[in-house]
Structures are given as C-alpha cells and as structure tokens.
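Hi,

Here is the structure I said I would send over. Have a look at it first, and then read on for what turned up in it.

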Amino acid sequence: MMLPHPRTGELFPTPVRPGTGWPGDPATRRTAVASTAAEVTALAAAAKTLKQLDAGVSVCRACPRLVEWREDAAAVKRKSYADQPYWGRPAPGFGEARPKIMIVGLAPAAHGANRTGRVFTGDRSGDFLFGSLHRTGLANQATCTDSADGLQLNGVRVAAAVRCAPPDNAPLPAERTTCAPWLDAEWRLTGADVRVIVALGGFAWQSALALIRRTGGTVAKPAPKFGHGVTAPLGTPGGEVTLLGCFHPSQQNTFTGRLTPAMMDDVFTTAIAISRE
C-alpha cells in the first residue's frame with residue numbers, strides 16, 4: 001500500500017525503497033546492500049565519503065532478526081501513524097560532516113526513526129533530545145517530526161551504535177558486533193574535529209569506549225564508569241577527546257524525573273564549553 005509522506009504528500013510504500021525520493025534518503029537503487037557481517041565490514045571500510053557510508057547503512061540487511069522486526073513494526077504501525085508510510089530501514093547518522101560534538105545513542109525506535117528515517121527523531125525521546133539541543137544553540141529548531149521538517153544541527157552529529165530498531169530496545173551482542181563497523185567508519189570520516197562524545201545511556205557509553213579502542217585510541221584502566229554528567233578523557237590518534245555521560249531521554253527517565261530538561265541542558269552546555277577549549 002502506498003501512503004503519503006506526512007509533509008510532502010508524495011506516496012511511498014512501507015518499507016521505503018531506496019531511490020524513490022524519500023526526503024533525505026542517501027541511497028539509490030544501485031547502492032550495494034550488506035547481507036552478512038563480512039559485507040558490513042568490507043563496505044564500511046570502502047566508504048570514502050559520508051554520503052557513501054550513509055547510503056550503505058540505510059540499506060543494510062546483515063541481521064535477519066532486526067530486519068524482520070523493523071519491517072514488521074513498520075507494517076503494523078502505531079495507530080496514530082497508521083496513515084503514514086514507515087521508513088522501515090536502518091537509520092544513518094545525522095548532522096554536520098565535521099562536528100565538534102558527537103552524540104551516540106543505542107538504536108532507533110520502532111515508531112520514531114524507524115518511521116521518519118532520521119535517527120532519534122519522531123517520538124517523545126527525540127522531542128526531549130532535540131528540545132535540549134535547540135535551547136543550547138545546537139539545533140535550529142526544537143521539533144523533529146519528520147524527515148522534511150527543516151531540522152539542522154550546529155556543530156553536532158548524532159549516530160546510533162545499532163542502526164536498526166531492535167525488539168524490546170535490546171540488540172543482541174552479535175548484532176552489536178555486526179553493526180560496529182558502520183560506527184567505526186562514521187568516526188573515521190567525521191571524527192577529526194570531534195572534541196566531545198556525548199553518550200546517551202550506559203550502552204552508548206560502552207559503545208563509545210569500544211569505538212575508541214577499535215580505532216586506535218586509548219582508554220584508561222580500569223575503564224571509566226558511566227554516570228550522568230561524568231566525563232572521561234580518551235586518547236585518539238588525533239588528540240584527546242572527552243566522553244561525557246547523559247541519562248538516556250527515554251520516557252522511563254523523563255517521566256520519572258530521573259532526567260529533567262535542565263539536566264540535559266547542563267550536559268550540552270558542558271559539551272559546548274569543552275569543545276571550545
């Protein structure tokens with residue numbers, strides 16, 4: 001069934017096929033598709049530009065369980081989005097190509113980025129995150145409703161450690177390992193100027209530490225532990241980078257007051273200050 005994009009009105013199937021005109025789709029009908037972990041590694045290593053990388057990420061089919069889940073969630077839809085097409089594909093990174101601040105999270109949400117095609121957008125967690133980025137001057141607007149809403153980031157890039165929406169928000173260890181080369185390549189292509197990595201939650205913190213180790217950097221022993229507002233220096237071939245922890249803006253955290261808007265704003269204010277040192 002073809003349904004209209006919520007902003008442009010153009011008709012799309014669910015999942016959205018590459019090269020059919022979805023706003024922000026980096027892939028074409030000719031984009032190579034990774035179907036195994038080995039193919040992910042090879043395609044990620046071969047990416048020479050961010051556009052090539054994002055295209056490869058957006059069509060990846062290397063984890064059968066995640067492919068089935070993301071497409072089933074897209075087909076069933078949430079009642080409030082039943083009249084919309086769902087992206088139903090992996091979510092590539094989003095933001096500036098040479099950021100000072102990189103935000104790393106766990107994975108797309110089934111009815112958030114799995115619907116919009118843009119990482120960490122389209123749900124209440126995204127509203128909380130991008131509202132904070134807007135208040136601290138890192139985004140041009142507080143809203144993140146769809147892939148054509150005009151959202152732009154200032155000095156920031158956001159990426160997920162796992163690019164597909166997983167069941168119960170819990171990717172398996174093998175799926176995390178399979179997906180890791182995409183993040184490694186994104187760091188290779190965009191990380192030269194990064195001074196701060198903001199980790200949204202404990203899993204993202206561990207993913208950032210693993211990223212630095214895999215890409216030739218150094219992490220203190222014992223490894224620094226995650227905490228909200230905690231900072232840890234990391235050595236990279238390009239110089240020191242600060243890892244900064246932030247509670248994940250899940251509804252479990254934001255509805256209970258474990259994470260407040262002011263707390264998240266403080267994290268990004270700290271990140272800005274460090275990035276300017």
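Before anything else, a term you'll need: two strands pair if DSSP finds at least two bridges between them. With that in hand, here is a first example: Phe-94 stands opposite Val-158 in β5. Keep in mind throughout that this is a predicted model.

**The whole chain**

Let's start with the overall picture. The protein chain has nine helices and eight strands. Its C-alpha atoms fill a box of roughly 50 × 40 × 30 Å along the principal axes. For 277 residues, a compact globule would have a radius of gyration near 19 Å, and the 18 Å of the protein chain agrees with that. Buried residues account for 55% of the 277. The exposed surface comes to about 12000 Å², and carbon and sulfur atoms supply 55% of it. As for contacts between residues at least 6 apart in sequence, 67% of them join residues at least 24 apart.

**The sheet**

In what order do the strands of the open sheet come? The order is β3-β5-β4-β6-β8-β7, which makes six strands with mixed pairing. At the edges you'll find β3 (94-95) and β7, each of which pairs on one side only.

Now walk along part of the sheet, beginning at β3. Here β3 and β5 pair in the antiparallel sense, over two bridges. That is where Phe-94 faces Val-158 in β5.

Next, β4 and β5 run parallel and are joined by five bridges. Ile-101 has Val-156 as its bridge partner in β5, and Gly-105 stands opposite Ala-160 in β5.

On to β6: strand β4 (residues 101-105) pairs with strand β6 (residues 196-200) in the parallel sense, over four bridges. Ile-101 turns up again here, opposite Val-196 in β6. Val-104 stands opposite Ala-199 in β6.

Is β4 enclosed or open? Five of its five residues are buried, so β4 is largely enclosed by the rest of the structure. Both of its faces are covered: Ile-101, Ile-103 and Gly-105 are buried on one side, and Met-102 and Val-104 are buried on the other.

Strand β5 (residues 156-160) is mostly covered too, with five of its five residues buried. Val-156, Val-158 and Ala-160 point one way from β5, while Arg-157 and Ala-159 point the other way. It's worth finding Arg-157 on your screen: this arginine is among the buried residues of β5.

**The aromatic rings**

How many aromatic pairs are there? The count comes to four, going by ring centres that lie within 6.5 Å of each other. One of them is Trp-205 with Phe-226: the ring centres are 5.8 Å apart and the planes are at 70°, so the pair is edge-to-face. Trp-205 belongs to helix α7 (residues 202-214) and Phe-226 to the loop between α7 and β7 (231-236), so this pair ties together parts that are 21 residues apart in sequence. The two residues also have their own accessibility values. Trp-205 counts as buried, at 0% relative accessibility, whereas Phe-226 counts as partly exposed, at 27%.

Elsewhere, ring pairs link Phe-12, Trp-22 and Trp-87 into a cluster. Trp-87 has a charged neighbour as well: Arg-89 lies over the face of its ring, at 4.0 Å from the ring centre. You can find a similar arrangement at Phe-247, where the charged end of Arg-258 sits over the ring, 3.9 Å from its centre.

**One loop residue to look at**

Finally, click on Gln-84, which is found in the loop between α3 (64-76) and β3. Is Gln-84 buried or exposed? At 12% relative accessibility, Gln-84 counts as buried, because the cut-off for buried is under 20%. Which residues does Gln-84 touch, leaving out those up to four places away in sequence? They are Leu-3, Pro-4, Pro-6, Lys-77 and Arg-115.

If you want a place to begin, try Ile-101: from there you can look across to Val-156 in β5 and to Val-196 in β6.

Cheers

Definitions and conventions. Residues are numbered from 1 along each chain as its sequence is written. This is a predicted model: local features need pLDDT of at least 70, side-chain atom pairs count only at pLDDT 80 or more; totals for chains, interfaces and linings use all residues. Side-chain values use heavy atoms; hydrogens and water are left out. Rings of Phe, Tyr and Trp (its six-membered ring) pair if their centres lie within 6.5 Å; planes under 30 degrees apart count as stacked, over 60 as edge-to-face and the rest as tilted. Buried means under 20% relative accessible area, exposed over 50%, partly exposed in between (1.4 Å probe, protein chains only). A charge sits over a ring if NZ of Lys or CZ of Arg is within 6 Å of the ring centre and within 35 degrees of the ring normal. The radius of gyration is taken over C-alpha atoms; the globule rule is 2.2 Å times the number of residues to the power 0.38. Contact means heavy atoms within 4.5 Å. Accessible areas come from the Shrake-Rupley method with a 1.4 Å probe; for residues, only the protein chains shown count as cover.
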